[in-house]
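Reader: Hello! I would like a close look at a single part of this model, with the cut-offs spelled out as you go.

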Amino acid sequence: MAGAGAFVAEARALTFGTKDLAAASDTELLRVGTLVCDGLGTHRLDFNRVVHRLVRSDAHPTTAEAAAMVSSAVRNLCPQPASAIPN
């Protein structure tokens, strides 16, 4: 079932560069998810652009790690831009 709880659970299980997401608070994880959704929605960035911005963050995730975070956020928090996720 999609929603904030599902996103937090998925995010905690992800590897994300130097950031230990398992130790992050729900609020911290939801903030990242909200930023992803804002990027895709409000700011009308495409999937790759949002991934690139995450890769450039202080956590320095790999492209695959960032893509997994973006996909989880879209699936669980903001399904409206689901078409932005490449197949």
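Where is T18 found? From there, please take me on to helix α4: which of its residues are buried, and what do they pack against?

Author: Happy to walk you through it. This is a predicted model, in which local features need pLDDT of at least 70 and side-chain atom pairs count only at pLDDT 80 or more, while totals for chains, interfaces and linings use all residues. Residues are numbered from 1 along each chain as its sequence is written, and side-chain values use heavy atoms, with hydrogens and water left out.

T18 is found in the loop between α1 and α2. Helices here are DSSP runs of H or I with at least four residues, strands are runs of E with at least two, and both are numbered from the N terminus. At a relative accessible area of 66%, T18 is exposed; the word exposed stands for over 50%, buried for under 20% and partly exposed for what lies in between, using a 1.4 Å probe and protein chains only. Its C-alpha atom is separated by 4.9 Å from that of A59, although the two residues are 41 apart along the chain. Leaving aside residues up to four places away in sequence, T18 touches D58 and A59, where a contact means heavy atoms within 4.5 Å.

Some background on the whole chain helps before we turn to α4. The protein has 4 helices and 0 strands, which gives the pattern α-α-α-α along the sequence. Its radius of gyration is 12 Å, close to the 12 Å that the globule rule gives for 87 residues, so the protein is as compact as a globular protein of that length. That radius is taken over C-alpha atoms, and the rule is 2.2 Å times the number of residues to the power 0.38. The C-alpha trace spans about 30 × 30 × 20 Å along its principal axes. Buried residues account for 37% of the 87 residues. Of the contacts between residues at least 6 apart in sequence, 56% join residues at least 24 apart.

Now to α4 itself. This helix has 14 residues and reaches 20 Å from its first C-alpha to its last, close to the 20 Å expected at 1.5 Å a residue; the expected span is 1.5 Å times one less than the number of residues. The helix is mostly covered, with 10 of its 14 residues buried. The buried ones are E65, A66, A67, M69, V70, S71, S72, A73, V74 and N76. They pack against α1 (4-13), α2 (26-40) and α3 (47-55).

Two of these residues are worth a closer look. S72, in α4 (residues 63-76), is buried with a relative accessible area of 2%. Apart from residues up to four places away in sequence, S72 touches F7, E10 and L77.

E65 also lies in α4. E65 is buried yet has no salt bridge, and the nearest side chain of opposite charge, K19, is 13 Å away. For that count, Lys and Arg are positive and Asp and Glu negative, with His and the chain ends not counted. A salt bridge means a side-chain nitrogen of Lys or Arg within 4 Å of a carboxyl oxygen of Asp or Glu. E65 does have a polar partner: a polar atom of its side chain lies 2.8 Å from the backbone nitrogen of T62. Beyond residues up to four places away in sequence, E65 touches T15, F16 and G17.

Where, then, are the salt bridges? The structure holds 2 of them. In one, R75 pairs with E10, and the closest N and O atoms are 2.8 Å apart. R75 lies in helix α4 and E10 in helix α1, so this pair ties together parts that are 65 residues apart in sequence. Both partners are partly exposed: R75 has a relative accessible area of 45%, and E10 has 29%. E10 is also one of the residues that S72 touches.

The side chains of R12 and D26 meet in a salt bridge as well, at 2.9 Å from N to O. R12 lies in helix α1 and D26 in helix α2, so this pair ties together parts that are 14 residues apart in sequence.

Finally, for the loop that leads into α4: H60 lies between α3 and α4. Its phi is near 55 degrees, a positive value in a residue other than glycine. H60 counts as exposed, at 53% relative accessibility.

Definitions and conventions: A polar contact is a pair of N or O atoms within 3.5 Å; within protein, one must be able to donate a hydrogen and the other to accept it, and residues adjacent in sequence count only if both atoms are side-chain atoms.
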